[in-house]
Amino acid sequence: MTNLHLLTETRHVQGEAIQFAYRSFGYRSQVPVIFLQHFTGTMDNWDPLVTNGIALHRQVILFNNAGVGSSSGVTPNSVEAMAEDALAFIDSLMLNKVDLLGFSLGGFIAQVIAVKRPDLVRRIILAGTGPQGSEGLGNLPVIVALASQKELVDRMLFMFFSESENSRHLGRAFLQRIYERKVNRDPEMTEQSITAQQKAIVDWGNVKDAGYPDLKKIVHPVLIVNGGFDRIVPTKNSYILYEQLSNAFLHLYPDAAHGALFQYPELFVNQVVNFLKQ
């Protein structure tokens with residue numbers, strides 16, 4: 001198939017205060033899939049095998065939230081504010097119904113959107129993420145500090161893949177794919193954005209609401225995916241999502257970590273497409 005992920009140009013749309021950069025491609029479905037990205041990630045950090053695979057069946061919309069990559073503005077330091085910015089982007093495209101695919105930090109944002117605007121959302125995919133109050137998020141600064149001591153390839157493998165040679169081999173293939181795009185790439189994340197996102201993630205973990213009341217407000221069908229050895233958002237948080245959400249499916253991938261969806265892209269795409277067809 002045509003590599004739409006590689007060839008689609010970046011466009012901009014004006015929100016109330018932010019000019020959002022986005023790329024839209026794929027089958028013109030009535031309900032598009034909005035991709036919500038991970039900590040330090042831009043549109044260019046999505047796996048083309050994932051985006052192109054889903055685009056065969058659905059309209060895919062990638063975007064950079066406020067202050068990230070080629071979008072304007074300043075990155076806020078709370079998940080709540082990031083969700084408001086994401087909603088401003090969705091509203092700027094005049095969309096009245098969307099599916100959400102949230103990875104890691106993007107999964108936090110997806111949950112807030114579903115609570116704030118339940119009628120906007122049809123179905124939700126949550127990958128490598130957890131609820132407000134997630135265990136282990138306070139360790140993120142230590143993990144980031146350890147990763148920063150490594151070269152780029154080893155840093156990405158450490159953050160997203162397990163220690164096995166098989167996982168690392170598949171991780172290197174993923175890294176080759178995300179750097180295939182040479183023209184019109186997003187700028188790298190700024191220190192302001194990285195610092196703000198890290199604070200938002202740690203604070204999300206520090207909020208301990210007994211009984212997970214916000215999760216009980218999410219009645220949408222939810223697909224939860226993670227690796228069995230996630231060191232960024234520990235896998236136990238995926239179990240909590242599954243236990244607390246009223247209409248959820250859970251898939252854990254073997255010998256995989258935070259980037260399980262990129263280690264098993266074909267499996268992930270098949271699961272997402274089948275889930276969204278229902």
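Which element supplies the largest share of the lining of the largest pocket? The points below concern a predicted model, and the first of them takes up this question.

1. The largest pocket encloses about 610 Å³ of space. Its lining counts 25 residues, and those closest to the centre are T40, L152, R155, M156 and I194. The largest share of this lining, five residues, comes from α6. Two helices, α5 (140-148) and α6 (152-160), each supply at least two residues of the lining of the largest pocket. By class, the lining of the largest pocket divides into 13 nonpolar, seven polar and five charged residues.

2. The second largest pocket has a volume of about 260 Å³. It is lined by 20 residues, and E80, V112, Q132, W204 and D214 lie nearest its centre. At least two lining residues come from each of α3 (79-92), α4, α8 and α9 (213-216). Among these, α4 gives the most, with four residues. The lining of the second largest pocket has eleven nonpolar, four polar and five charged residues.

3. Helices α4 and α8, which both contribute to the lining of the second largest pocket, also pack against each other. The axes of α4 (residues 105-116) and α8 (residues 191-206) come within 11 Å and cross at roughly 60 degrees. The crossing of these two helices is left-handed. On the α4 side the contact is made by L105, F108, Q111 and V112, and on the α8 side by Q197, I201 and W204. Five residues of this contact are nonpolar, two are polar and none is charged. V112 and W204 thus appear twice: they take part in the contact of α4 with α8, and they are among the residues nearest the centre of the second largest pocket.

4. A second helix pair is formed by α2 (residues 48-55) and α12 (residues 265-277), which pack at an angle of about 30 degrees with their axes 9 Å apart. Because angles under 35 degrees count as roughly parallel, α2 is roughly parallel to α12. The crossing of α2 with α12 is right-handed. From α2, the contact uses L49, V50, G53 and I54; from α12, it uses P265, E266, F268, V269, V272 and V273. This contact has eight nonpolar residues, one polar and one charged.

5. How many cavities of 30 Å³ or more does a search of the whole structure find? The search finds two. The largest cavity holds about 140 Å³ of space. It is lined by 14 residues, of which Q37, N65, V68, I109 and Q197 are the closest to its centre. The lining of the largest cavity has seven nonpolar and seven polar residues, with no charged residues. Q197 is also one of the α8 residues in the contact with α4.

6. The second largest cavity has a volume of about 30 Å³. Its lining is made up of N3, H5, L6, P48, R177, I178, E180 and R181. Two elements, α1 (4-7) and α7 (165-178), give two or more residues to this lining. By class, the lining of the second largest cavity has three nonpolar, two polar and three charged residues, whereas the lining of the largest cavity has no charged residues.

Notes: Residues are numbered from 1 along each chain as its sequence is written. This is a predicted model: local features need pLDDT of at least 70, side-chain atom pairs count only at pLDDT 80 or more; totals for chains, interfaces and linings use all residues. Side-chain values use heavy atoms; hydrogens and water are left out. On a 1 Å grid over the protein atoms alone, a cavity is a set of points where a 1.4 Å probe fits but cannot get out, and a pocket is an open set with protein on both sides within 12 Å along at least five of seven lines; lining residues have an atom within 4 Å of a point. Grid points are joined across faces, edges and corners, and a volume is the space filled by probe spheres set on the points. Ala, Val, Leu, Ile, Met, Phe, Trp, Tyr, Cys and Pro count as nonpolar, Asp, Glu, Lys and Arg as charged, and the others, Gly among them, as polar. Axes are lines fitted to C-alpha atoms, for helices over the stretch in contact, and angles run from 0 to 180 degrees between N-to-C directions. Angles under 35 degrees count as roughly parallel, over 145 as roughly antiparallel, 65 to 115 as roughly perpendicular and the rest as oblique. A crossing is left-handed if the near helix is turned anticlockwise from the far one by less than a right angle, and right-handed if clockwise. Contact means heavy atoms within 4.5 Å.
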